[in-house]
Structure formats: C-alpha cells, structure tokens
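Q: I am new to this structure and would like a close look at a single part of it. Please start from one residue, say what it touches, and then work outwards to the elements around it.

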Amino acid sequence: MLFHGSVDETKLSVPCGRMKTVMAKPILVEVSVKHVHLCEADLEILFGETHCLKNRKDLSQPGQYACEERVDVIGPKGVLKNIAVLGPLRPSTQIELSMSDCRIAGINAPIRESGDIAGSAGCKIVGPCGKVEIDEGVIVAKRHIHMTPEDAKELNVENNEIVKVEVQSDIRGTIYGDVVVRVHENFALAMHLDTDEGNAAFGGTVGYIVK
Ligand SMILES: [Zn+2]
C-alpha cells in the first residue's frame, strides 16, 4: 500500500548551508507500508488454486497494484495481521517490513534492494486457505528512487548510484543518505521510504537530490 503525495512546485527553494541542490527537480516521496509480493505457488496455497489477485488500486510504478488480498505474517515474537498483497505475482515471494515491524514480529530481516532475497529472513504466512513457511524473502527495503533514463539524465545520476535526498517539511526536514537510484524505462519518478523512514520526515512528500 502506498500513500501518494502531491508535488508542490511552489516549494522549490534551494536548501542552504553546506549542501547545495544538484538539480531542482522535485521527486515525489511515497511511503510503502509493510506488504507482501507472492509467487504463484504460494498464492495457490494461501488463497486456493485458480485464485487471481484482485486489483484494489494502481500504484505509482506502472503495472504495480495493491490487491484486495491480505495475509498474516508470523515471526517468533508476534503476528503482523492483515498485510496487503501487491501485484502482479513475482518469481519469488518477498515481504517488505519496516524495522519496527521486524521488532514486533521478532524477525531479523536485512536491508536489501527488492529482489535480492538470498539468505534474507524467513517467516510463516497465513492466508484464508492455507499457510506457507518461507526460509528467505523477508527484507527491510533499501530506500530508493525509481526513475526513467530521461529523469536520470536530468538529475545527473546513474543506475545504482547512491545519493542523498533532502525531504522538505515545515516541521521535520530530513536528509536521507544511502538512497539507491534505480533506472528503468518503465519506472515513474518516485522515492520510496518505509513507514519508519517516512515518519522521520513527518509526512514530507517532496524530495530533492543534494550534494
Ligand atoms: Zn519502490
């Protein structure tokens, strides 16, 4: 589930101090609430054979959507209930939690980029028709910016580059380091934070790459 913020062009002030804006192109900042991506085999166990994911809402990245389906994720210390499933199906099941979610469930998940799940944490997943136990797939998503090759050129950054992003807020302006740039022609320009990270900036919805 993603909360969409609006980009306010009137907030195009250049941050002062020791940092300067690389490019005053605003980046939409979206907060990803804990969620699950399922592979086909796990979908069938959890929701029944022939089950098709039901699109509840399209997300900012083309082709990605939040589903009606929900699951519970169980760790050694607790249960995270009613976690949204995102579509479409993926080759491997992947669960993205914040560090706060991990503490509640007692899951020791590493910070990883989406898709890099080898040796990550395991958990149990419970759906209306069954349960699965995964040995790996639970991660804390590394914060990142999706962008097209055209955006990357304009922002003077490259795929996999690590950048800093200042998120503006009247009350809790925040600079995030270790933000990975992900470039693909099918992406839409947006920075993705988890709920812990988004709360740090008190809901700021516009970011700028700074150096
Ligand atoms: Zn993302």
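A: Leaving aside residues up to four places away in sequence, L97 touches K34, C102, I107, A109, V138 and V140, where two residues count as in contact if their C-beta atoms, placed from the backbone, lie within 7 Å. This is a predicted model, in which local features need pLDDT of at least 70 and side-chain atom pairs count only at pLDDT 80 or more, while totals for chains, interfaces and linings use all residues. Residues are numbered from 1 along each chain as its sequence is written.

L97 lies in the loop between β7 (94–96) and α2 (99–105); helices (H or I, at least four residues) and strands (E, at least two) are DSSP runs, numbered from the N terminus. L97 is buried, because 29 other C-beta atoms lie within 10 Å; a residue is called buried if 20 or more other C-beta atoms lie within 10 Å of its own, exposed if 12 or fewer, and partly exposed in between, with C-beta atoms placed from the backbone. Of the 211 residues of the protein, 37% count as buried.

One of the residues that L97 touches is V138, and although the two are 41 residues apart along the chain, their C-alpha atoms are separated by 7.3 Å. In the protein, residues 24 or more positions apart account for 68% of the contacts with a separation of 6 or more. V138 itself, without its neighbours within four places in sequence, is in contact with I95, L97, I107, A109, S120, A121, G122 and C123.

Several of these residues meet again in the largest nonpolar core, which has 28 residues, and of these V71, V73, L97, I107, A109, C123 and V138 touch the most other members. A nonpolar core is a set of buried Ala, Val, Leu, Ile, Met, Phe, Trp, Tyr and Cys residues joined through C-beta atoms within 7 Å. The elements giving two or more residues to this core are α1 (40–47), β5 (65–74), β6 (79–87), α2, β9 (121–126) and β10 (131–141), and the largest share, five residues, comes from β10.

The strand β10 also has several pairing partners, two strands being paired if DSSP finds at least two bridges between them. With β7 it runs parallel, joined by two bridges, and the bridge partner of I95 in β10 is V138. Two bridges also join β10 to strand β8 (residues 111–112), again in parallel, with R112 standing opposite A141. Between β9 and β10 there are five bridges and the strands run antiparallel; here V138 is the bridge partner of A121, and a hairpin joins β9 to β10 through four residues.

The helix α1, which also gives residues to the core, has D42, L43, L46 and F47 buried. Seen down the axis of α1, these buried residues fall within an arc of 105 degrees, so they line one face of the helix; the arc is that of the directions from the helix axis to the C-beta atoms. On the other side of α1, E40 and A41 are exposed, whereas the buried residues of the helix pack against β5, β9 and β10.
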